[in-house]
Amino acid sequence: MNPKMMLTPTVLSRLAAALGGAALLALLLRGWSAGTQLLVASSVLMFLACLASAARVLGPRPALSLVLIALPIGWFAEEMGANYGWFFGSYDYTPVLGPQLGSVPVVIPLMWFALSYIGYVMANLIVWQVPADGATSIRRSIVMALLAALIVTAYDLGVDPYMVYKLKAWIMVKHDGWWFGETLQGFAGWMLVACSIVLVFRLLLRLLSGQTGTRPAPATRTRDVLVPLGLYGALMLFEATQGVPVETRTIALFVMGMPLLCALCGLYRWQLVTAVRGAA
């Protein structure tokens with residue numbers, strides 16, 4: 001059988017679902033608390049949804065490339081943060097987020113992939129009105145990676161205080177931060193890590209293709225693009241209604257709502273252009 005025929009979006013989606021089911025089953029058998037099981041299950045499902053969407057929007061091989069970039073970078077940054085205070089400041093994870101690899105809960109690198117993919121798609125829709133722009137120039141790659149990192153960090157403004165005060169998912173060594181106990185270093189770390197993941201992915205696309213151009217993957221459908229937008233919207237609504245401290249609820253509505261609305265406008269424009277091209 002031709003290996004290229006084996007690695008299709010459908011096969012990749014089924015493989016992701018099988019791996020996710022096995023991971024969840026293993027988690028349930030370990031006897032973790034119901035709250036931890038729910039957190040881990042929702043994180044794994046978000047990862048799988050983004051992987052299935054990325055297989056259509058980016059293509060199977062680029063989607064896997066993004067996974068292989070995001071997971072080690074995300075894990076390394078968190079491991080160095082938890083042990084040496086790099087990137088995000090000094091903190092220690094608690095058992096709330098489930099099994100750990102080293103000092104980092106396994107679900108954290110999965111979330112770095114999901115959020116980086118969401119940021120990538122939204123940034124493209126905002127600027128170019130396409131969900132994926134393929135291989136691009138180095139200058140454009142840097143700018144788009146920065147925008148994607150801003151979109152990801154906007155989510156962090158609300159989720160970090162919730163994780164610390166409500167869930168107690170980690171304990172900050174210093175509690176005198178300027179943002180509900182969080183320091184500016186933490187947000188700089190989010191920007192750096194998210195930007196690095198997206199930029200490395202973009203540069204890899206450029207290296208592999210040797211071409212530039214603005215184009216979505218041929219198999220892209222509207223419902224595939226709605227997955228990352230819907231997830232970002234769901235995260236925004238959660239923070240806007242459940243955020244702790246309560247001040248973060250209004251903040252989430254604006255800092256996440258603005259890029260989401262712009263991305264939805266970009267999606268509408270992409271649909272119109274695609275319909276015109278299909279009718280031509």
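**The largest pocket and its helix packing**

Good morning, colleagues. I begin with the lining of the largest pocket, to which seven elements each supply at least two residues: the helices α3 (34–57), α5 (107–128), α6 (138–167), α7 (184–209) and α8 (222–242), together with the strands β1 (91–93) and β4 (170–172). Please keep in mind throughout that this is a predicted model.

How much space lies in the largest pocket? The figure is about 770 Å³. The pocket is lined by 35 residues, and those closest to its centre are Ser43, Met111, Tyr155, Val159 and Met163. Which element gives the most to this lining? That element is α3, with seven residues. As for the character of the lining, 25 of its residues are nonpolar, six are polar and four are charged.

I turn next to the packing of the helices, starting with α3 and α5. Their axes come within 9 Å of each other and cross at roughly 40 degrees. An angle of this kind is neither under 35 degrees, nor over 145, nor from 65 to 115, and α3 and α5 are therefore oblique to each other. The crossing in which α3 passes α5 is left-handed. On the α3 side, the contact is made by Val40, Ser43, Val44, Met46, Phe47, Cys50, Leu51, Ser53, Ala54 and Val57. On the α5 side, the residues are Val107, Leu110, Met111, Phe113, Ala114, Leu115, Tyr117 and Ile118. By class, this contact of α3 with α5 holds 16 nonpolar and two polar residues, and no charged ones. I would draw your attention to Ser43 and Met111: both belong to this contact, and both are among the residues closest to the centre of the largest pocket.

The helix α5 also meets α9, which covers residues 247–279. What is the angle between the axes of α5 and α9? They cross at roughly 65 degrees and come within 7 Å, and this crossing, too, is left-handed. Here α5 contributes Met122, Leu125 and Ile126, while α9 contributes Pro259, Leu260, Cys262, Ala263, Gly266 and Leu267. The contact of α5 with α9 comprises eight nonpolar residues and one polar residue, with no charged residue.

The third pair is α8 and α9. Their axes lie 8 Å apart, and the helices pack at an angle of about 165 degrees. Since angles over 145 degrees count as roughly antiparallel, α8 and α9 are therefore roughly antiparallel to each other. In passing α9, α8 makes a left-handed crossing. Charged residues do occur in the contact of α8 with α9, which has two of them beside 16 nonpolar and seven polar residues.

Two features of the backbone remain. In the loop between α8 and α9 we find Pro245. Is the peptide bond from Val244 to Pro245 cis or trans? This bond is cis, with omega near -5 degrees. The other feature concerns Phe87, in the loop between α4 (60–84) and β1. Although Phe87 is not a glycine, its phi is positive, at about 65 degrees.

To close, I return to α3: this helix gives the most to the lining of the largest pocket, and its contact with α5 has no charged residues. Thank you for your attention.

Note on methods: Residues numbered from 1 in each chain as written. Predicted model: local features only at pLDDT ≥ 70, side-chain atom pairs only at ≥ 80, totals over all residues. Heavy atoms only, no water. 1 Å grid on protein atoms, 1.4 Å probe; cavity = no way out; pocket = protein on both sides within 12 Å on 5 of 7 lines; lining within 4 Å. Points joined across faces, edges and corners; volume = space filled by probe spheres on them. Helix = DSSP H or I, 4+ residues; strand = E, 2+ residues; numbered from the N terminus. Nonpolar A, V, L, I, M, F, W, Y, C, P; charged D, E, K, R; others polar. Axes fitted to C-alpha atoms, helices over the stretch in contact; angles between N-to-C directions. Left-handed = near helix turned anticlockwise from the far one by under 90°. Contact = heavy atoms within 4.5 Å.
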